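Q: Please take a close look at one part of this model: a single loop with charged side chains, and what surrounds it. Start from the overall layout and finish with whatever lies further off.

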Amino acid sequence: MRILSLLAGAALLAGCTTEVGLHENAAATFGGAYQRNELIQSAAWRRGRFLEAERARFAAETPATVTFAFDSAALDAEARAALDAQARWLAANPDIRVRVAGHTDLVGGEDYNDRLGLRRARAAARHLALRGVERSRIDAVESRGEREPVVATEERERRNRRAETAVAGFVHGFVGDGMDGRRAALMYTRYRTDNVEPPASANTTTVSTGDGG
């Protein structure tokens with residue numbers, strides 16, 4: 001009987017050990033998944049923060065907006081100089097992608113102004129391409145027509161007749177193909193030193209079909 005009791009106790013102990021082991025493995029699996037998810041979320045957060053910092057840096061270090069004469073998509077000397085400065089910035093930051101949005105003032109019909117805004121955005125994007133910015137780095141060329149005026153007036157207003165270039169994202173992602181040590185160090189330094197509030201989101205306007213602003 002004593003031997004049977006000892007064997008039963010050993011079996012019970014072995015069962016407990018096995019069960020504890022299973023619980024430990026499950027905990028380890030859960031912990032690993034949680035840790036991986038936390039790392040992914042943290043990386044996404046860092047990427048978002050860095051993207052906002054790059055948007056603010058581009059806006060601060062370049063004339064990000066060019067303006068146009070009334071009912072025109074022609075680039076004057078001042079606009080070309082501003083776009084040249086944008087192109088130089090983009091040449092120095094080869095991992096950045098941009099988008100270009102065209103705007104008009106409130107003079108003229110909405111459909112016409114949508115088309116005019118697109119012509120202005122295309123003119124700006126073409127000039128960037130001529131200055132060496134790869135077309136693959138220009139994510140979108142879009143029109144927002146008369147719907148986002150800088151100055152709330154229905155009169156002619158040059159500040160509303162504009163094309164705006166903004167950082168859209170990264171060519172290779174936050175850490176991806178083509179990332180060398182110099183770029184990684186630069187990204188880390190900017191991430192540590194920049195503190196930028198996210199800008200208000202802007203919706204892309206679908207271009208539709210008199211004189212406009």
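A: Helices (H or I, at least four residues) and strands (E, at least two) are DSSP runs, numbered from the N terminus. In the protein chain they come to four helices and four strands, and from the N terminus on their order is α-β-α-β-α-β-β-α. The model is predicted, so local features need pLDDT of at least 70 and side-chain atom pairs count only at pLDDT 80 or more, while totals for chains, interfaces and linings use all residues. Residues are numbered from 1 along each chain as its sequence is written, and side-chain values use heavy atoms, with hydrogens and water left out.

Of the 213 residues of the protein chain, 34% count as buried (under 20% relative accessible area; exposed is over 50% and partly exposed in between, with a 1.4 Å probe and protein chains only). The accessible surface of the chain comes to about 12,600 Å² (Shrake-Rupley method, 1.4 Å probe), and 55% of this surface belongs to carbon and sulfur atoms.

The part to look at is the loop between β3 (138–145) and β4 (162–170), where E146 is found. E146 is buried yet has no salt bridge (a side-chain nitrogen of Lys or Arg within 4 Å of a carboxyl oxygen of Asp or Glu). The nearest side chain of opposite charge is that of R147, 5.9 Å away (Lys and Arg count as positive and Asp and Glu as negative; His and the chain ends are not counted). Leaving out residues up to four places away in sequence, E146 touches T104, D105, L106, G108, G109, E110 and N113 (contact means heavy atoms within 4.5 Å).

E148 lies in the loop between β3 and β4 too. At 29% relative accessibility, E148 is partly exposed. The C-alpha atoms of E148 and T104 are 8.5 Å apart, with their positions 44 residues apart along the chain. T104 also appears in the contact list of E146.

Charged pairs come next. Side chains of opposite charge can pair when their charged atoms come close. The model has 14 salt bridges by the rule above. One of them joins the side chains of R161 and D105, at 3.0 Å from N to O. R161 lies in the loop between β3 and β4 and D105 in the loop between β2 (96–103) and α3 (110–130), so this pair ties together parts that are 56 residues apart in sequence. Both R161 and D105 are buried. D105 is also one of the residues that E146 touches.

A second salt bridge joins D114 and R147, whose closest N and O atoms are 2.3 Å apart. This pair links distant parts of the chain: D114 is in helix α3 and R147 in the loop between β3 and β4, 33 residues apart. D114 is buried, with a relative accessible area of 3%, whereas R147 is partly exposed at 34%.

Another salt bridge is formed by E142 and R144, with closest N and O atoms 2.6 Å apart, and both of these residues are buried. E142 also comes up in the surroundings of G117, a residue of helix α3. G117 counts as buried, at 0% relative accessibility. Its C-alpha atom is separated by 7.7 Å from that of E142, 25 residues away along the chain. With residues up to four places away in sequence not counted, G117 touches G102, H103, T104, E142 and S143.

Elsewhere, E54, R57 and E61 are linked in a network of salt bridges. D84 lies in helix α2 and touches H127 and R131, not counting residues up to four places away in sequence. The side chains of D84 and R131 make a polar contact at 2.8 Å (a pair of N or O atoms within 3.5 Å; within protein, one must be able to donate a hydrogen and the other to accept it, and residues adjacent in sequence count only if both atoms are side-chain atoms). D84 is among the buried residues of α2, which also include A79, L83, W89 and L90. At the start of α2, a side-chain oxygen of D76 reaches to within 3.2 Å of the backbone nitrogen of E78.

Before that helix, D71 lies in the loop between β1 (65–67) and α2. D71 has a positive phi of about 55° although it is not a glycine, and it is partly exposed, with a relative accessible area of 23%.
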